[in-house]
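Student: Can we go through how the labels on a model like this get assigned? I'd like the reasoning behind each one.

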Amino acid sequence: MPDPMYRRVADDLERRIKAGEWQPGEQLPTEPELRVQYEDASRNTVRDAIKLLISRKLVETRPGRGTFVVDTIDPFVTTLSGEPGSGFGGGEGAAYLSEVEARLRTPSVTTPRVEIQTANAKVAGHLRIEEGTEVISRHQERRIDGKAWSLQTTWYPMSLVTRGATRLIQAANIEEGAVAYLHEQFGMEQAGYQDLLVIRQPDRHEAMFFGLPDDGTVAVVEQSRTAYDQEGQPFRLTVTVFPADRNQFVINAGKLPADVVNPAGGG
């Protein structure tokens, strides 16, 4: 007994998608166009075929816009917990790069865009300084396998620069990490950090950078990490924005088996 018409249509559309006729994110022909392509198939036949493709996770429908090929993404698991005193771990610095490379994937980070700004209420609150105080911001775009993966901005009080930490205002990576650099300069230690995670809708810039649908169907996770020195004073705020469609997170506490600490494995 032959397969029903809607299944044959779905199978042929799947073949065409996998052959590259439509690229990830590209819109499929409209329902009337598909009815013509498939010898005047009925409206229900085309709709049932699309439903089948949705169940196969090949396409998605966007209200009022049409049907689009799904961009298949291999999520990356970031371990948010780390050793506070090291300055690394938790998706930052060299630990981020080595964690990505350990999974046999390719990380890349842009040269920091460095600016001198006045602290808004959020930055001032985290750093415990007066709103309007001068701060340094260091902004980077991060990619995995060439695909936009996260945006990260770190703010430091300008007082660190006036004390001699001039590399903070240079548009170059601090290879050993900012925490190690500040320890070398002042004996400052990162005694701990606190993370605040917020789930929200992306703004226009974030949606464009990550290639997210403009209908708000994909949220972003905003991680605000405030680092504290040995005197209990905050000295940096790092805000990282992760699109929720390609990122997952792990927080470890206590003694755990190695395969649990690193659930994604080494490759």
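What follows is a chat about a few labels and the values behind them.

Tutor: Keep in mind that this is a predicted model. Ask away.

Student: Why is Arg103 called buried?

Tutor: Arg103 has a relative accessible area of 9%, and buried means under 20%, so Arg103 is buried. Arg103 sits in the loop between α4 (93-102) and β4 (107-109).

Student: What makes the approach of Arg103 and Glu99 a polar contact?

Tutor: Their side chains are 3.2 Å apart, and the cut-off is within 3.5 Å. That's why the pair counts as a polar contact.

Student: And why is Arg128 called exposed?

Tutor: Its relative accessibility is 54%, and exposed means over 50%, so Arg128 gets that label. Arg128 belongs to the loop between α5 (121-127) and β6, and has a positive phi of about 55° although it is not a glycine.

Student: What makes a positive phi worth pointing out?

Tutor: Most residues other than glycine have a negative phi. Asp145 is another non-glycine residue with a positive phi of about 55°. Asp145 is in the hairpin of β6 and β7, with 2 residues between the strands.

Student: How do you know that β6 and β7 pair?

Tutor: Pairing takes at least two bridges, and 10 bridges join β6 (residues 134-144) to β7, so they pair. The two run antiparallel, with Arg138 opposite Thr154 in β7. β7 also pairs with β10 (residues 234-243), again antiparallel, over 5 bridges. There, Thr154 has Thr238 as its bridge partner.

Student: Why does Arg105 with Asp145 count as a salt bridge?

Tutor: The closest N and O atoms are 3.0 Å apart, and the rule asks for within 4 Å, so the pair qualifies. Arg105 is in the loop between α4 and β4 and Asp145 in the loop between β6 and β7, so the pair ties together parts that are 40 residues apart in sequence.

Student: Are those two partners buried, exposed or partly exposed?

Tutor: Arg105, at 13% relative accessibility, counts as buried. Asp145, at 45%, is partly exposed.

Student: What makes Glu14 and Arg56 a salt bridge?

Tutor: Same kind of check: the N to O distance is 2.6 Å, and the limit is within 4 Å, so Glu14 and Arg56 pass. Glu14 lies in helix α1 (residues 5-18) and Arg56 in the loop between α3 (43-55) and β1 (59-62), so parts 42 residues apart in sequence are tied together.

Note on methods
Residues are numbered from 1 along each chain as its sequence is written. This is a predicted model: local features need pLDDT of at least 70, side-chain atom pairs count only at pLDDT 80 or more; totals for chains, interfaces and linings use all residues. Side-chain values use heavy atoms; hydrogens and water are left out. Helices (H or I, at least four residues) and strands (E, at least two) are DSSP runs, numbered from the N terminus. Buried means under 20% relative accessible area, exposed over 50%, partly exposed in between (1.4 Å probe, protein chains only). A polar contact is a pair of N or O atoms within 3.5 Å; within protein, one must be able to donate a hydrogen and the other to accept it, and residues adjacent in sequence count only if both atoms are side-chain atoms. A salt bridge is a side-chain nitrogen of Lys or Arg within 4 Å of a carboxyl oxygen of Asp or Glu.
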